[in-house]
Number of protein chains: 2
Amino acid sequence: MKKERTVILQGEQCRCRCIHRDRVDAAHEHALASRENEKLATLFKAMGDPNRLRILWALNREEMCVCDLAQFIGVTESAVSHQLRQLRGLHLVANRREGPVLYYRLDDDHVRDLIELALEHLREE
Amino acid sequence: MKKERTVILQGEQCRCRCIHRDRVDAAHEHALASRENEKLATLFKAMGDPNRLRILWALNREEMCVCDLAQFIGVTESAVSHQLRQLRGLHLVANRREGPVLYYRLDDDHVRDLIELALEHLREE
DNA sequence: CTCACATTTGATCAATTGTTCATATGAATA
DNA sequence: TATTCATATGAACAATTGATCAAATGTGAG
């Protein structure tokens, strides 16, 4: 149980006290690529809003149009549109036009799996 | 393909044009309980920050202490501590004290599964 | 073409977030 | 006990977010 203290220089000023240099190195080595980590975070963040989550869960059952969704979660149609735009950008939802109305649906089965997996986590305590 | 237009009164003012009342009702019926939806969103949001995600992914490999993590992701130890507090509150990480240093580890295997599932989504496009 | 409707877009604003700094706690050692 | 180190906490602040409103698209019907 020896603890080795290593001071690492970073940039110009050294202020960092780093206990386990080996672990830090290993962490860097196994870390996700920065870009991938960023995209992953964006994905989770997208699912991390109550209203967006409600939308996704609802679309998991059947496709709905913007004003249905607005009515469902109780916000402006504009608000829903903004959210859907974001979800679309992440390939979480897709739409289909029928006349003037756009029907939105889930674009990816992973979404349901992600939600259900997370639910397991919640319910296990 | 008939489209039925239904206007629904909500509260005092009616401004909502709702196309498929049945779908809205069904959505409400199958929706997650409000409280559960909220907690779920909080969970995803917690994973929706690049630095927290880096922390979780690193801890998935081996336990690390606060200053290791600070060094690893390049922020203040204070910042890491704040994040860990949040993750601990959600039962995503747990710690173990050894003298003055706290070793953090993942508290739940679901976390790894969630990340890997989300990675699948990313890599499929 | 004109009108009505579904949706989108852009501006705006309050609320939340993530970080840092300064300071406090708590454990081990001299 | 005094000191040092690891971590936690609280205040402060810039940056981001999610909502709304107002106005612009774009579609189909008359």
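Helices and strands here are DSSP runs, numbered from the N terminus. The model is predicted.

**Exercise 1. Describe the protein surface near DNA strand C.**

Step 1. Count the neighbours. DNA strand C is surrounded by 25 residues. The closest are C65(A), V66(A), S78(A), S81(A) and T76(B).

Step 2. Assign them to elements. In chain A, α4 (66–73), α5 (77–89) and β5 (101–106) each supply at least two residues. In chain B, α5 (77–89) does so as well.

Step 3. Find the main contributor. α5(A) gives the most, with 6 residues.

Step 4. Sort by class. The surface near DNA strand C holds 11 nonpolar, 9 polar and 5 charged residues.

**Exercise 2. Do the equivalent for DNA strand D.**

Step 1. Around DNA strand D there are 25 residues. T76(A), A79(A), C65(B), S78(B) and S81(B) are the closest.

Step 2. Two or more residues come from each of α4 (66–73), α5 and β5 (101–106) of chain B, and from α5 of chain A.

Step 3. α5(B) gives the most to the surface near DNA strand D, with 6 residues.

Step 4. The classes are 11 nonpolar, 9 polar and 5 charged.

**Exercise 3. Work out how chain A relates to chain B.**

Step 1. Superpose the chains. Chain A can be laid on chain B with an RMSD of 0.0 Å.

Step 2. Read the operation. The turn is 180°, and the shift along the axis is 0.0 Å.

Step 3. Name the symmetry. This is the relation of a two-fold axis.

Step 4. Check the contact surface. Of the contact residues of chain A, 100% recur in chain B, so the same surface serves both copies.

Conventions:
Residues are numbered from 1 along each chain as its sequence is written. Chains are lettered from A and ligands numbered from 1 in the order in which they are written. This is a predicted model: local features need pLDDT of at least 70, side-chain atom pairs count only at pLDDT 80 or more; totals for chains, interfaces and linings use all residues. A residue is near a molecule or strand if its C-beta atom, placed from the backbone, lies within 6 Å of it. Helices (H or I, at least four residues) and strands (E, at least two) are DSSP runs, numbered from the N terminus. Ala, Val, Leu, Ile, Met, Phe, Trp, Tyr, Cys and Pro count as nonpolar, Asp, Glu, Lys and Arg as charged, and the others, Gly among them, as polar. Copies are superposed by least squares on the C-alpha atoms of residues with pLDDT of at least 70 in both. Two residues are in contact if their C-beta atoms, placed from the backbone, lie within 7 Å.
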